[in-house]
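Load the model in your viewer and keep the selection panel open. The stops below are meant to be taken in order.

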Amino acid sequence: MNRERVFVRGMIACLILVLAGCSAPVKSPRETPVVRVVRDNAASVVNIRTESLVDLKEHPAWGQYGERLDRFFKQYFGEDYSEGTVKLKSLGSGVIVDRSGLIVTNAHVVHRATTIYAVLRDGTVAEAKVIKVNTLDDLALIRVQTARELKSVRFADVKTLMVGETVVAIGNPLGLENSVTTGVISGIDRAFKNPECDYACSGLLQTDASINPGNSGGALLNMDGELVGVNLAVVLGAQNIGFAIPVNKVLQMLEGQKKNLEAQK
């Protein structure tokens, strides 16, 4: 009799486990690691829009051809041109590195910009101010003021990076906000001269994730959802050769900024 009771209780326990397993939701195969990385980190990537006011009258040839140039530029630039000055607009990306509104981007994205705007994932537009610039590594820190805390990224340990591991690039190529591409780490400690700048960057990560104009300053993430680098540029005329500034340089810049703030107290 005792054996029968034990058997019945065992059968009931097994049935409960089976029913519990059947009621558990089954994850769709569509929900890949890449999907999860994007879902968890897209809000940490911002669209950066800049405006630069260029005084064409400072050019030596302006005095001789100023009147004709004035007519030409009025026709070409329209409302962005006024009395020898033209307002140039550009696009880039940035990564929120502190919930208070601190954003890292490329130095060349905000270079000579008179006005900088950061567009958050929810469409909020906030004016940003440059906090620190490191032209040697093509990095810049900007800050926005918001009424709420922002979602910041987590940082990867650059020492653990592996050539061949999968990475996800999130940015705003051609102004297409939060566009996603995937690839692998193709190489470590590369050097590259950015054609938009007058300096060369070294110690870069190479990736075959597609990077286009507007991606500059965006996030390069590993499958743990950690920031491994800040997207920099792609080699024009080459196939799938892009570069990112490794996260350790971002951390060095943040540490330097922290020390400066402490010294000012």
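A contact here means heavy atoms within 4.5 Å. With that cut-off, residues 24 or more positions apart account for 66% of the contacts in the protein with a separation of 6 or more. This is a predicted model, in which local features need pLDDT of at least 70 and side-chain atom pairs count only at pLDDT 80 or more, while totals for chains, interfaces and linings use all residues. Residues are numbered from 1 along each chain as its sequence is written, and side-chain values use heavy atoms, with hydrogens and water left out.

**Whole chain**

Colour by pLDDT, the predictor's confidence in each residue, from 0 to 100. The mean for the protein is 82, and 71% of its residues reach 70 or more. Among the elements, helix α1 (residues 2-23) has the lowest mean pLDDT, 60, and strand β12 (residues 219-222) the highest, 98. Where pLDDT is low, the predicted coordinates should not be read in detail.

Switch to cartoon. Helices (H or I, at least four residues) and strands (E, at least two) are DSSP runs, numbered from the N terminus. The count is 5 helices and 14 strands.

Now show the surface. Areas come from the Shrake-Rupley method with a 1.4 Å probe, and for residues only the protein chains shown count as cover. The protein exposes about 15,500 Å², of which carbon and sulfur atoms supply 54%. Buried means under 20% relative accessible area, exposed over 50%, and partly exposed in between (1.4 Å probe, protein chains only). Of the 265 residues, 41% count as buried.

**Helix α2**

Select residues 33-41, which make up helix α2; its buried residues are Val37, Val38 and Asn41. Seen down the axis of α2, these buried residues fall within an arc of 95° (taken from the directions from the helix axis to the C-beta atoms), so they line one face of the helix.

**The nonpolar cores**

A nonpolar core is a set of buried Ala, Val, Leu, Ile, Met, Phe, Trp, Tyr and Cys residues joined through side-chain atoms within 4.5 Å. Select Val104, Leu139, Leu204, Leu227 and Leu232: of the 28 residues in the largest core, these touch the most other members. Centre on Leu227. Leaving aside neighbours within four places in sequence, Leu227 is in contact with Val95, Val153, Arg154, Phe155, Ala156, Ala219, Leu220, Leu221 and Val247. Apart from the largest core lies another, of 15 residues, among them Ile116, Ile142, Val144 and Leu150.

**The β5-β6 hairpin**

Select residues 115-119. This is strand β5, mostly covered, with 4 of its 5 residues buried. Add residues 125-134, strand β6, which pairs with β5 in the antiparallel sense over 4 bridges; two strands pair if DSSP finds at least two bridges between them. Tyr117 stands opposite Glu127 in β6. The two strands form a hairpin with 5 residues between them, and Gly123 in the turn has a positive phi of about 95°.

Next pick Val125, in strand β6. At 49% relative accessibility, Val125 counts as partly exposed. Beyond its neighbours within four places in sequence, Val125 is in contact with Tyr117, Ala118 and Val119. A distance to check: Val125 and Asn47 are 78 residues apart in sequence and 9.3 Å apart in space, C-alpha to C-alpha.

**Strands β9, β10 and β11**

Select residues 166-171 (β9) and 179-193 (β10), which pair in the antiparallel sense over 6 bridges. Gly171 has Ser179 of β10 as its bridge partner. Add residues 200-207, strand β11: β10 and β11 also pair in the antiparallel sense, over 6 bridges. Here Arg190 is partnered by Leu204 of β11.

Move on to Asp208, in the loop between β11 and β12. Asp208 is partly exposed, at 28% relative accessibility. Outside four places in sequence, Asp208 is in contact with Thr182, Gly183, Val184, Ser186 and Asn240.

**Two aspartates with positive phi**

Most residues other than glycine have a negative phi. Select Asp138, where phi is near 55°, and Asp189, where phi is about 65°. Which of these is buried, and which exposed? Asp138, in the loop between β6 and β7 (139-144), is buried, with a relative accessible area of 0%. Asp189, in strand β10, counts as exposed at 59%.
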